[in-house]
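Me: I would like to learn how to read a protein model feature by feature, with the general idea put before the particular case. Could you take me through one?

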Amino acid sequence: MTQRLYRPEWPALAKDLHTLAARPPVDPQLPIRPQSTGTPTPAPQLIFCSDWRFDIPDQTTWQRLWRQQRTNAPTLGLHFAWGAASMCSGWPTPPPNPPHHPQITDGPRLLILNSRHDPSTPHEWAVQVAAQTPRTTLLTYDGWGHGVYDRTPCTTNAADRYLLDLELPTTTNCPAA
């Protein structure tokens, strides 16, 4: 179903949501912190665990955090962060380059592209990254979906000019297609 979020496919997404709504409600149990199975970690998870540190030291803390989430965001359910936390908690090595405010003082200016209605990386995240990163321009595609490079001639041309000539766009918005 998540593939439908990269490009809006409203009829297919509506069908998926209808199917989900028809399912009987699930009573979420307290999650149990998984134990290592000894099986190899898939690459996306390996990358995620190498970038972020999750220190949930024991089952009691795990359950307290779960109760807090259920109280503060009851409709959220099993958010992707729980999967990451369960997989990365107790990771054997610290992240070599943990999240931090970038210190960019020279080199080319940066271009960030994000859609206004991105279900995977919300526009507010891009706004905050641009605000916290010196020498950055945010180009917003005013439409839906995740990934904006090939949405319109405006987004494609802006990205191409930046990647080929380090030329920043003259606009900060591209209209939705």
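Reply: What follows is a walk through this model, from overall confidence to single residues.

Me: Where did the model come from, and what is the mean pLDDT of the protein?

Reply: This is a predicted model, and it is sensible to begin with the predictor's own confidence in each residue. The mean pLDDT of the protein is 82, and 82% of its residues reach 70 or more. Confidence is lowest in helix H4 (residues 80-88), where the mean is 71, and highest in strand E3, where it is 98.

Me: How many helices and strands does the protein have, and which pattern do they follow along the sequence?

Reply: There are 6 helices and 3 strands, and reading along the sequence gives the pattern α-α-α-α-β-α-β-α-β. Of the 177 residues, 26% are buried. Among the contacts with a separation of 6 or more, 70% are between residues 24 or more positions apart.

Me: How do I read the sheet, and what is the order of its strands?

Reply: In general, the strands of a sheet pair through backbone hydrogen bonds, and the pairing is either parallel or antiparallel. In this model an open sheet of 3 strands has the order E1-E2-E3, with parallel pairing. The edge strands are E1 and E3, each of which pairs on one side only. Strand E1 (residues 110-117) is joined to E2 by 7 bridges, whereas E2 and E3 (residues 173-174) pair over 2 bridges.

Me: Which residues are the bridge partners of Tyr141?

Reply: Tyr141 of E2 is the bridge partner of Ser115, and in E3 the partner of Tyr141 is Cys174. Beside that, Thr140 stands opposite Asn173 in E3.

Me: Is strand E2 largely enclosed or open to the outside?

Reply: A residue is called buried when its relative accessible area is under 20%. By that cut-off 7 of the 9 residues of E2 (residues 136-144) are buried, so the strand is largely enclosed by the rest of the structure.

Me: How should I read the connections between the strands, and which hand does each have?

Reply: The hand is judged by the path from one strand over the helix to the next, and a clockwise path, with the strands pointing away from the viewer, is right-handed. E1, helix H5 (residues 123-132) and E2 make a right-handed β-α-β unit. The chain then crosses from E2 through helix H6 (residues 153-165) to E3, and this β-α-β crossover is left-handed.

Me: Which strands does H6 touch when it packs on the sheet?

Reply: In the sheet with the order E1-E2-E3, H6 touches E1, E2 and E3, and the direction of the helix makes about 165° with that of E1.

Me: How do I read a disulfide, and which cysteines does it join here?

Reply: In general, a disulfide is a covalent bond between the sulfur atoms of two cysteines. With a cut-off of 2.5 Å between the sulfur atoms, the count comes to 1 disulfide, which joins Cys154 to Cys174 with an S to S distance of 1.9 Å. The angle about the S-S bond is -70°, and the link is left-handed. Cys154 lies in helix H6 and Cys174 in strand E3, so the pair ties together parts that are 20 residues apart in sequence.

Me: Are these two cysteines buried or exposed?

Reply: Cys154 counts as partly exposed, at 25% relative accessibility, whereas Cys174 is buried, with a relative accessible area of 0%.

Me: What should I look for in the backbone angles, and which residues have a positive phi although they are not glycine?

Reply: As a general guide, most residues other than glycine have a negative phi. Arg135 has a positive phi of about 65°; this residue is placed in the loop between H5 and E2 and is partly exposed, at 29% relative accessible area. Leu166 has a positive phi of about 55°; this residue lies in the loop between H6 and E3 and is exposed, at 51%.

Me: What separates the C-alpha atoms of Asp106 and Arg135?

Reply: Those C-alpha atoms are separated by 8.7 Å, although Asp106 and Arg135 are 29 residues apart along the chain. Asp106 has its place in the loop between H4 and E1 and counts as exposed, at 60% relative accessibility.

Note on methods:
Residues numbered from 1 in each chain as written. Predicted model: local features only at pLDDT ≥ 70, side-chain atom pairs only at ≥ 80, totals over all residues. Heavy atoms only, no water. Buried < 20%, exposed > 50% of the residue type's maximum accessible area, 1.4 Å probe, protein only. Helix = DSSP H or I, 4+ residues; strand = E, 2+ residues; numbered from the N terminus. Pairing = 2+ DSSP bridges. Contact = heavy atoms within 4.5 Å. Axes fitted to C-alpha atoms, helices over the stretch in contact; angles between N-to-C directions. pLDDT = per-residue confidence, 0-100.
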